[in-house]
Structure formats: structure tokens, C-alpha cells
Amino acid sequence: MYRIPLTVLFIAFSSLNTSAQTTRQLLDSARYNKTKDFAKVIAYSTKAYEKAKADKQTKLEAEGAFVRGLGNYLSGKYDECLRWYFESERLYTSVKDTSGLAELYSDMTIFYLRVKKFKEADEVSKKAIQYAAAINNKRQLPTAVNNRGLMFLDIEKLDSAIVYFKNSYGLYKNINDKLGMSYALDYQASALSGKNELDAALRALGESKQLRAGVGDKIGEVLAITNMGEIYLKQNRFKEATQNFLQTVSGAKALKYTELELYGYEILGQTYAAQGLFKQAYGYQKQHLELKEKAMDAKHNKDIEELQTRYETVKKEQQNKLLTAQSKEQQAELSRNQIGIYALIATIVFTAIIFYLVYNRYRVKQQARFREAMLEEEHLRARGIMDAEENERQRLARELHDGIGQLLCSARRQLEFAQLDGINDADDNAALQMLDDSIKEVRDLSHSMMPPYILNKNLREAIEEFICRLNNKELVNIYTEWVNTDVIAIDKTTTLMLYRSVQEIISNVFKHARAKNIHIELVNHDTELTLMIVDDGIGFDKEMLFKTSKGLGLKNIESRIAYIGGSLDIDTMPGKGVTYVIELPLLSVA
């Protein structure tokens, strides 16, 4: 499906007289030209960067480096683009400009996707979402979420892509950004089409088309029509597909969008060829080739000219035969020659299509092998980090249990022996009680750091074991509900991350919430796992907590969930309790 990158258009008036402009005006002029003249983007941003550096305005210097990198990206100079992106990252980090970093990482996601570096795209897309969410930037957050969805779309994790596109659509809708909503719908339709959910994809594209028409986005409207035509073609609804592709050609002509017009002729030829209408297919293929001559390089132009010459030669020979024909036998021969010409044209068209399909299949396989290798390497590195962390927990737990725990037990036995030899007074009894309490605390701590039941039980059993130990303390009533949890297709690492998250949340409730009741619900939806924890405690101000160091525990939970490809949503306010919802796409884990 036709796809264009998600960008935010900054409107500003540009002037060629850069010497009289302030740094801010130069940056606005650079952003304004990013859909018009890439050379001006680089020129204005370079002036802004140098001026900000001379004036020691570090934030504007960082923005100048960022826009300069963007100009080089648009110009296809990828090495220069990455150099200026890294310079912008260094400057933004030095002044702790979270908003600037959020915008930078969002654009870096698109850059890494363009050059097929999916590991790097994964890292920066997470940062873009994290920084935009940290400052509650309602403009940057939906774009960052949408771009992470594009990453999942490119690596063909379609369920995860759909989740992110739906989230970005909702975020755009909250700020009434109809253009952003239309982008999210377009990308969602691409993922749905990849899953062969064609009716759902058509509905998404239909809504996108209406949104784009409402905001006057003519190019986006024509692209939505084109993508709907592709889905009709997949469904063998040739009449609807033909109507849409004819609108593609007429709309592209009006917009002077040559690339889309070329595609319109090409796909119309394929549509007619699929119906066996080779004469019409040849007509549109011919228009495609004629238009492509103006845009292709010299080699391709030569190939097209040779094909055209061959066709004209055959055509002239046929015309000569028609002019010299005098009898019915000649007319019959003419008819046979015409059939042969149409068969030759059909053969050429089908050969071109078959060649394209074979080459595209080969390219897709090569890309798939590369992605698999990258994902495997990333998985091994991540597993190494997690194993190292758990091994350290286990080592500390053994030290507590076998070292300090054994010393405390020895001290207790010494006191017992002393009591046998002396008088069993109150001080000795108090000392024994203190030692018993210390031994119990060490045992609880070592079990908390290295829960033995997590190694041979599933997620539900591990949580139940943890709850059982907590309920023995009779501090809070804990209720559970399990739906379809007998078999959950997740590995040990994912199980451990979810268990640690539950452990952290419940511990926070015990420490701070003053709750009387806790409800835990685990639901397996086959393609998604939902874990919900609800308490009736005093709640808290989420935004204020995340801005302070007291929110580090929740940030750690978010990091764990994000690491395994899930999402954490917290619904709370002071005096209203807290609801934690963890959602994990099971296909992405697999």
C-alpha cells in the first residue's frame, strides 16, 4: 500500500534575507521549507545553528542541529543526517531539554526505519514515547506512538503495530488532530491488510478519506482512494478497483503528483490484465511507460525506447499489410496477425509482472533473513542482561540465607544453651524473640529476591504463591480472578518480568496505599494478556509522583513491561484508589 511518512508541518514565513533574521525566525523558515525546498532547509538551519552557537543559546543550537539533520535526511544524505542528529542529541541532553529529545527521537525512528536498522529504531522509539509522556506533550506523544507502530509494521509484527496505531489514533482524537487521525488510520489499514482483514482495512481507509477531505488534504485523500482500490483488487472486486484507480490518475494529474500517476497507470494495467482484458491493459501500460520516460534514468529510458520501437515496427508492418490487402484471404491473415500482436503484448505485460513478483519475493526473503538475524541477536543480548540480573539476585539471596541467616540461627542456639545453664529471665526471652524476628525477615527477603516457585510454575501459580505468603500477614484482603490462564504462551523471562511487576505493585500498596482490599484479575485473550490490579486505598497524584524521585518504582515497572513489548496504564486520583492495567500482545512475545 502507498505510504508517506508522518510529519508535522510548522507554518512560518521565510525570507531570503537571513542576515536580518533572529535564530528563531531562521529555524521557522527552515521548518517551513521542508515540504518545498530541501536545500533551503539545510541553508536556514545551518545559519541558525551557527548563530545560536555564537550567542551561546544551547537549546536553539540543538534545534538547529536537529533541523539540519532533517534537511540532510530529506536530501538523501544519510551519513550527514545521522551526524547532526547525534550532535543535536548531545546538546539537548546537556541542557536536559526533554521536549527537544522527544521530537528528535521520534524523527530518528523514521530515519532508522528508512535505512533498515530496526534495533536502533526500537530503542529511539521507546525513548520518544518515554520523553513525550514524561512531560505530557499531547502533540508529540501520538506521533511517537505512531512511529513505533511503523517499526512493528516494517518488521511484520502486525498485531503489535495495530495496537500502537489504535493508541495513536485515540491520542490524536483527544486533541482533535484530524490529519494525525487519518495517518494512524492509513497505517492501521496497512497492518489489517497484511493480516488479510480486508473489510476492516476498508473501513479504516474510508474514515481516513473523510478526515482528509475535511481538512483539505488533497494528496492524502487521493492516497486513501488508491489504497482502497488495492484492497478491492485483492478481493477481486474489479469494478470498484477500476473506479478507484481512475480517480487516482485524475487526482494525481490535478496535483501534478507524477509518481502516483505512474502507479495509477501501472495498477490499472494489472487490474485489466487480471480480468483477461489485455487490450485495455496494454493501453494503460503504454501510458505508464510514456510517462515514466520523463522520470527514469538514461538506461531505463533506452529500454523503454527499444520496447516502443519494437511495437511501432510491428504496428507499421501491420498497417502496410492492411494497405496492400485486396482479398478475403489477406483480411483473414490480418486478423491472425492482430491476434498475434495482442498475444505478444499480453506476454510482455505478464512477463514484466512475473519478473517483478519474483524479484519482490526474493527481496522480501532477504529482508526477512536480515530481520530474523537482528532480532535473534537482540534477544540473546537482552536475555544475557536479564540472566545476569537474576543471577545477582540469587547470589544475594543465598548470601542472606546461608550467611547471615545461619549466623542468626547459631546465635539463637547459643542463647538457648545459655538459658539451660542459667535462669530463663525476660531479657533472654526478648533476645530470642528478636532473633526469631530477624531470621524470619532474612528468610522473607531471600525468598522475595529469589522466589523458588517461579522457576517451575506458570505466572498464575507464582502470583498465587506470592499472595498466599502476603495473606498470612492478615494486613489486606486480596481477591483473585483467573480467566483462561491454565496455559499462557509466554517464556520464563516474560513470566519473571510480569511477576516482578506484580510484586512491586503489591508492595507499594502495602507500604503506601492504606488499602483494605486488593483485586487481581488475569485474563488470557489468546492474542493478548491482560493483568489488572485494583486497590481501594488513598490513591495518588500520578503526574506529580512521576515528576519526583518517589515515582521511580512505577517507572521501573513501566520499563519492565515495555521491555517485554507490553503497556502499563494507571488510573488514579487522590482518595479514589488505584487501577493498574498491564496489556501484553502475546504474538509479539512469541
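Two strands are taken as paired if DSSP finds at least two bridges between them, and in this predicted model strands E2 and E3 are joined by seven bridges and run antiparallel. Within this pair, histidine 519 has valine 534 in E3 as its bridge partner. The two strands form a hairpin with three residues between them, and in the turn aspartate 526 has a positive phi of about 75°.

The hairpin belongs to an open sheet of five strands, arranged in the order E1-E2-E3-E5-E4 and with mixed pairing. Strand E1 (477-483) and strand E4 (567-572) stand at the edges, and because each has a single partner strand, one side of each is left without a neighbour in the sheet. On average, and with direction ignored, neighbouring strands of the sheet are turned by 10° against each other. On the other side of E3 from E2 in the strand order, eight bridges join E3 to E5 in an antiparallel arrangement, with methionine 532 standing opposite valine 581 in E5. Strand E5 (residues 578-585) is in turn connected to E4 by six bridges, and these two strands also run antiparallel; here threonine 572 is found opposite valine 578 in E5. Helix H19 (residues 492-513) lies across E1, strand E2 (517-524), strand E3 (528-535) and E5, and runs at about 10° to E3.

Confidence in the model was examined along the chain. The average pLDDT is 82, and 76% of the residues score at least 70. Over residues 4-19, however, the pLDDT is below 50, although this stretch has 36 contacts in the model beyond near neighbours in sequence.

Packing between helices was described by the angle between the axes and the distance between the axes. Helix H3 (residues 58-74) and helix H5 (residues 98-114) pack at an angle of about 20°, with their axes 11 Å apart, and since angles under 35 degrees count as roughly parallel, H3 and H5 are therefore roughly parallel to each other. The crossing in which H3 passes H5 is left-handed. On the H3 side the contact is made by Phe66, Leu70 and Tyr73, which meet Glu103, Leu104, Asp107, Ile110, Phe111 and Arg114 in H5. This contact comprises six nonpolar and three charged residues, with no polar residues.

Further along the chain, helix H12 (residues 238-255) and helix H13 (residues 258-274) have axes that come within 8 Å and cross at roughly 160°, which makes H12 roughly antiparallel to H13. The crossing of these two helices is left-handed. Among the H12 residues that meet H13 are Phe238, Phe245, Leu246 and Val249, and the H13 residues in this contact include Leu260, Tyr265, Ile267 and Leu268. By class, the residues of the contact of H12 with H13 divide into twelve nonpolar, four polar and two charged.

Helix H13 also packs against helix H14 (residues 278-292), at an angle of about 160° and with the axes 7 Å apart; H13 and H14 are therefore roughly antiparallel to each other. Their crossing is left-handed. The contact includes Leu262, Tyr265, Leu268 and Tyr272 from H13, and Phe278, Ala281, Tyr284 and Leu291 from H14. Nine nonpolar, five polar and three charged residues make up the contact of H13 with H14. Tyr265 and Leu268 of H13 thus appear in the contact with H12 and again in the contact with H14.

Key. Residues numbered from 1 in each chain as written. Predicted model: local features only at pLDDT ≥ 70, side-chain atom pairs only at ≥ 80, totals over all residues. Heavy atoms only, no water. Axes fitted to C-alpha atoms, helices over the stretch in contact; angles between N-to-C directions. Helix = DSSP H or I, 4+ residues; strand = E, 2+ residues; numbered from the N terminus. Parallel < 35°, antiparallel > 145°, perpendicular 65-115°, else oblique. Left-handed = near helix turned anticlockwise from the far one by under 90°. Contact = heavy atoms within 4.5 Å. Nonpolar A, V, L, I, M, F, W, Y, C, P; charged D, E, K, R; others polar. pLDDT = per-residue confidence, 0-100.
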